[in-house]
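Student: I am new to this structure. Please take me through one part of it closely, and set that part in its surroundings.

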Amino acid sequence: MAPHYAPSLWARLPAMALMLEIIFIVLFAFFVETEEFKKTKNQEFLYLYANFQDVHVIVFLGFGFMSMFLVRYGFSGTGFGLLVAAMVVQWATFINAFLSSFHSSKDILVLVNAELCAASALVAMGAVHGKTNPAQLLLLGLLEVTGLVVNQGLIKKLFKNDTFNTTMQLHVFGALFGVMTSWVLYRSEAEPRHEKEKFDSKTGLFSTLGMLLLWMFWPSINFVEAQEIRIMYSTYLSLAVSAVTAMALSVLLSPKGKINLVHVQGAALAGGVAIGAIRTVLDPWVAMVIGMCATLLSTLGFRYMKDHMLFAFECHDTCGVLSVHAIPGILGWFADLFLQLVNTDDATIAIRFAVHYICILLISVSMSLVTGTITGFLLKLKFWKPQQDRKCFDDQAFWEFPHLAVHN
């Protein structure tokens with residue numbers, strides 16, 4: 001007989017999802033319209049659509065497959081990612097236009113930016129992966145994107161900077177937001193390591209496929225933001241160095257001298273994350289050095305930081321988003337600052353650059369920590385009916401399994 005699970009989906013998810021969709025339909029009916037590309041713009045459209053396709057693959061296929069690594073949470077990892085990303089894209093399309101004082105979505109870049117916001121929400125989800133129900137994840141995604149867009153608008157207004165690099169925020173804001181939410185939701189009754197928080201050969205293979213998709217298409221994320229060919233070259237070289245360095249370091253850090261799949265899956269992307277925070281044109285060797293340093297920090301984070309955070313701060317980061325996204329993103333931000341200072345001869349301008357960069361980072365970190373904490377307390381309400389501790393990381397709490405059905 002199949003075990004009994006609380007009917008949390010039946011009580012909350014349908015009403016919440018359908019209500020949100022009706023609200024979005026009404027908002028789009030009155031406030032959003034699209035521009036029809038003329039024949040003279042066909043070439044521009046094809047160029048933008050290629051960028052959109054790459055980001056689309058990253059958000060839905062890359063993150064979707066990579067979240068299948070837990071042995072009993074494959075359905076939920078992929079399915080809930082699709083649910084949240086599809087909902088968040090709609091909300092991000094509207095809120096970006098609203099906060100930017102526009103009332104129409106005039107080109108496909110609006111959808112690209114919305115999917116980048118969805119990617120940030122999926123990063124935040126990684127920290128609470130397996131410990132929340134889909135209704136909670138929907139709320140988390142909507143609040144994370146709202147905080148991200150508000151933070152971007154605040155920084156642009158304070159610093160009068162319309163070319164502000166939002167790719168850094170995609171990683172740093174999402175990761176810190178998710179970690180703070182996970183810290184608030186920490187279950188003291190749970191074991192230090194849940195018995196179902198593991199992977200096997202099948203789930204590890206699917207997760208590796210997701211990592212490969214992210215690794216292949218990652219240059220497109222950085223290129224969409226910077227629109228600079230050299231950034232794409234730098235991203236690819238940095239990712240290549242990251243893949244090699246991640247495997248080498250994994251062997252060095254293993255007591256048995258073997259490659260750890262978790263280290264490789266996360267740290268192989270660290271170079272691309274770090275380059276995404278850089279707007280300065282890089283020489284190839286500089287991009288490769290940054291990729292190696294980011295991978296080193298990411299691998300060490302996977303090896304040591306996750307367990308130390310759990311025991312010291314009671315913060316459980318399921319997917320290690322701090323090591324994959326936050327640390328490499330901050331490293332890339334300071335690398336960009338260093339390169340700006342090196343290329344500046346005027347001391348006054350150099351100081352202004354330093355203050356500018358540090359203030360943007362502090363505002364982003366503060367906003368992510370505050371909004372993540374608030375979201376955590378909202379998700380902790382009993383109204384959401386979260387699954388029991390022993391039902392975490394388990395698809396059976398949410399999905400039908402015909403072979404486990406009880407026939408009378």
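**A close look at helix 8**

Tutor: The protein has 13 helices and 0 strands. This is a predicted model. From the N terminus on, the order of elements is α-α-α-α-α-α-α-α-α-α-α-α-α. Of the 408 residues, 53% count as buried. Contacts with a separation of 6 or more can be sorted by distance along the chain: residues 24 or more positions apart account for 84% of them.

Now to helix 8. This helix covers residues 229–253, which makes 25 residues. At 1.5 Å a residue, helix 8 should span 36 Å, and its end C-alpha atoms are 36 Å apart, so the two values agree.

Which residues of helix 8 are buried? Start with Ile231, Ser234, Thr235, Ser238 and Leu239, which are among them. The list goes on with Val241, Ser242, Thr245 and Ala246. Leu249, Ser250 and Leu253 complete the buried set of helix 8.

Set helix 4 beside it. Helix 4 runs over residues 109–127. Its 19 residues should span 27 Å at 1.5 Å a residue; the end C-alpha atoms of helix 4 lie 28 Å apart, which agrees. Helix 4 is mostly covered, with 15 of its 19 residues buried.

Last, the outside. The protein exposes about 19,900 Å², and 68% of that comes from carbon and sulfur atoms. One nonpolar patch on the surface is formed by Val370, Ile374, Leu378, Leu381 and Phe383. Together these residues have about 460 Å² of accessible area. Phe383 sits in the segment after helix 13 (347–379).

Conventions:
Residues numbered from 1 in each chain as written. Predicted model: local features only at pLDDT ≥ 70, side-chain atom pairs only at ≥ 80, totals over all residues. Heavy atoms only, no water. Helix = DSSP H or I, 4+ residues; strand = E, 2+ residues; numbered from the N terminus. Expected span 1.5 Å × (residues − 1). Buried < 20%, exposed > 50% of the residue type's maximum accessible area, 1.4 Å probe, protein only. Contact = heavy atoms within 4.5 Å. Areas by Shrake-Rupley, 256 points an atom, 1.4 Å probe, with all protein chains shown as cover. Patch = residues over 30% accessible without salt bridge, like charges linked within 9 Å, V, L, I, M, F, W, Y side chains within 5 Å. Salt bridge = Lys/Arg side-chain N within 4 Å of Asp/Glu carboxyl O.
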